[in-house]
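Here's a quick tour of a small puzzle in protein architecture. Have the sequence and the 3D view open, and follow along as we go.

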Amino acid sequence: MCSVGDAFNIEIQALDAKWYKCGDCKNEFRCVSVKTKLECPSCHSSNVSKQYKE
Ligand SMILES: [Zn+2]
C-alpha cells in the first residue's frame, strides 16, 4: 500500500493503481501514478521502479 495519507489510501482502491518495486529493500507496493515524488512506503527510498502485473 502506498502510505501517502489516510484519505488517499481509500481512493487508491478505486483508481488505476500500479505496482511498484523498491530497488533498495525489494518491497513491492501498489500506488496510483503520483504527481509528487514516489517513495517506498517501507524504507522511504525514492529508488522505485514500475512493475507491470495484475
Ligand atoms: Zn524500500
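Where is the place of Lys26? You'll find Lys26 in the loop between β1 and β2. Keep in mind that what you're looking at is a predicted model. Let's start with the overall layout, then work through the sheet, the core and a few loop residues.

**The overall layout**
- There is one helix in this protein, along with three strands.
- If you walk along the chain from the N terminus, you meet the elements in the order α-β-β-β.
- The protein has 54 residues, and 13% of them count as buried.
- Take the contacts between residues at least 6 apart in sequence: 36% of these join residues at least 24 apart.

**The sheet**
- The three strands make an open sheet, lined up as β2-β1-β3, with antiparallel pairing.
- β2 and β3 (48–51) are the edge strands, so to speak the outer planks, as each pairs on one side only.
- From one strand to the next, the twist averages 40 degrees.
- How many bridges join β1 to β2? There are five, and these two strands run antiparallel.
- One residue to look for here is Lys21, whose bridge partner in β2 is Glu28.
- On the other pairing, β1 and β3 are linked in the antiparallel sense over four bridges.
- Here, Cys22 stands opposite Val48 in β3.

**The nonpolar core**
- Which residues make up the largest nonpolar core? Six residues do: Tyr20, Cys22, Phe29, Cys31, Cys40 and Val48.
- Two elements give two or more residues to this core, namely β1 (17–22) and β2 (28–32).
- As a bit of background, nonpolar side chains in soluble globular proteins tend to be buried together.
- β2 has two faces worth comparing: Phe29 and Cys31 sit on the covered one, whereas Glu28, Arg30 and Val32 are on the uncovered one.
- Both residues of that covered face, Phe29 and Cys31, also belong to the core.
- Cys22 is a good residue to click on: leaving aside neighbours within four places in sequence, its contacts include Cys40 and Val48, which are core members too.
- Cys22 also touches Asn27, Ser42, Cys43, Ser45 and Asn47, again leaving aside neighbours within four places in sequence.

**The hairpin loop**
- β1 and β2 form a hairpin with five residues between the strands.
- Lys26 has a phi near 65 degrees, which is a positive value in a residue other than glycine.
- Is Lys26 buried or exposed? Lys26 counts as exposed because it has 10 C-beta neighbours inside 10 Å, and the cut-off for exposed is 12 or fewer.

**The loop between β2 and β3**
- His44 belongs to the loop between β2 and β3, and its phi is near 60 degrees, another positive value in a residue other than glycine.
- With 11 other C-beta atoms within 10 Å, His44 is exposed.
- Pro41 lies in the loop between β2 and β3 as well.
- Why is Pro41 partly exposed? Pro41 has 16 other C-beta atoms within 10 Å, so it falls in between the limits of 12 or fewer for exposed and 20 or more for buried.
- Pro41 and Asn27 are 14 residues apart along the chain, and their C-alpha atoms are separated by 8.5 Å.

Definitions and conventions. Residues numbered from 1 in each chain as written. Predicted model: local features only at pLDDT ≥ 70, side-chain atom pairs only at ≥ 80, totals over all residues. Core = buried A, V, L, I, M, F, W, Y, C linked by C-beta atoms within 7 Å. Contact = placed C-beta atoms within 7 Å. Pairing = 2+ DSSP bridges. Axes fitted to C-alpha atoms, helices over the stretch in contact; angles between N-to-C directions.
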